[in-house]
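This note is written for a colleague who is meeting the structure for the first time. Please read the numbered points with the structure open alongside.

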Amino acid sequence: MPDRPIDLQDFPKERFSLLYLTWLSDCESYSGGAAAPSYDMWMDSRSLAGPPSSARYRLGTTVFELRHGATYEIRDADGKRRVFRCLLDDGFPYISFVDQDVGRVYPWITMPGVFSQAEIFSLRELT
């Protein structure tokens, strides 16, 4: 039997700050003058590490799959292309938008609530 998709609307509110709290705890362990990495650098390293994983999600009636460490594009309502990287933490999705024209990488955010169901229809994996 296939895994049931995770409904993006059903994550408990505590889940949205779990990795941030983990990062704060990790920062406390740095000593001897070593600087702790910024939250985004820490998240970048997490997106590159770990075993390959994927999860299926539901947003309204739309079901889609995301893979840890993958890069995706999506089209907004005006047809503008937006590219983002994906990090999965025990099934909870985080994303970081990338402006490929200028090489800018934006901060990591939680995914639930970011995209409309119509935008999810345009989801395409780039890597």
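1. Which residue in S5 does Tyr72 stand opposite? The model under discussion is predicted, and in it Tyr72 stands opposite Phe84 in S5. Tyr72 also has a partner in S9, where its bridge partner is Glu125.

2. The strand pairing around S4 deserves attention next. Strand S4 covers residues 71-75, and its pairing with S5 is antiparallel, over five bridges. The two strands form a hairpin with five residues between them, and Gly79 in the turn has a positive phi of about 85°. S4 is also joined to strand S9 (residues 124-125) by two bridges, again in an antiparallel run. Strand S4 is mostly covered, since four of its five residues are buried.

3. A separate point concerns an open sheet of three strands, which has the order S1-S2-S3 and mixed pairing. Its edge strands are S1 (6-7) and S3 (62-67), each of which pairs on one side only. Between strand S2 (residues 54-59) and S3 the pairing is antiparallel, over six bridges. Within that pairing, the bridge partner of Ala55 in S3 is Leu66.

4. How many salt bridges does the count come to? The count comes to eight salt bridges. In general, side chains of opposite charge can pair when their charged atoms come close. One salt bridge is formed by the side chains of Asp44 and Arg85, at 2.9 Å from N to O. Asp44 belongs to helix H2 (residues 39-48) and Arg85 to strand S5, so this pair ties together parts that are 41 residues apart in sequence. Arg85 is buried, because its relative accessible area is 18% and the limit for that class is under 20%. Asp44, in contrast, is partly exposed at 26%.

5. Glu125 appears again here, since its side chain meets that of Arg67 in a salt bridge of 2.2 Å, N to O. The pair links distant parts of the chain, with Glu125 in strand S9 and Arg67 in strand S3, 58 residues apart. Glu125 is partly exposed, with a relative accessible area of 32%, and Arg67 is likewise partly exposed, at 36%.

6. A further salt bridge joins Glu119 and Arg82, whose closest N and O atoms are 3.1 Å apart. Glu119 is in helix H3 and Arg82 in strand S5, so that distant parts of the chain, 37 residues apart, are linked. Glu119 is buried, with a relative accessible area of 11%, while Arg82 is partly exposed, at 23%. In addition, Glu73, Arg75, Arg81 and Arg124 are joined into one network by salt bridges that share partners.

7. The largest pocket has a volume of about 250 Å³. Its lining includes Arg81, Arg82, Phe97, Asp99 and Tyr106. Strand S5 (81-89) and strand S6 (92-99) each supply at least two residues of that lining.

8. Where is nonpolar surface found? Tyr20, Leu21 and Leu24 form a nonpolar patch on the surface, with about 260 Å² of accessible area together. Leu24 is found in helix H1 (residues 18-28) and is partly exposed, with a relative accessible area of 32%.

9. The last point concerns Phe121, which lies in helix H3 (residues 117-121). Phe121 counts as exposed, at 62% relative accessibility. Its C-alpha atom is separated by 42 Å from that of Ala35, 86 residues apart along the chain.

Notes. Residues are numbered from 1 along each chain as its sequence is written. This is a predicted model: local features need pLDDT of at least 70, side-chain atom pairs count only at pLDDT 80 or more; totals for chains, interfaces and linings use all residues. Side-chain values use heavy atoms; hydrogens and water are left out. Patches are made of residues with over 30% relative accessible area and no salt bridge: like charges are joined within 9 Å, nonpolar side chains (Val, Leu, Ile, Met, Phe, Trp, Tyr) within 5 Å. Accessible areas come from the Shrake-Rupley method with a 1.4 Å probe; for residues, only the protein chains shown count as cover. A salt bridge is a side-chain nitrogen of Lys or Arg within 4 Å of a carboxyl oxygen of Asp or Glu. Buried means under 20% relative accessible area, exposed over 50%, partly exposed in between (1.4 Å probe, protein chains only). Two strands pair if DSSP finds at least two bridges between them. On a 1 Å grid over the protein atoms alone, a cavity is a set of points where a 1.4 Å probe fits but cannot get out, and a pocket is an open set with protein on both sides within 12 Å along at least five of seven lines; lining residues have an atom within 4 Å of a point. Grid points are joined across faces, edges and corners, and a volume is the space filled by probe spheres set on the points.
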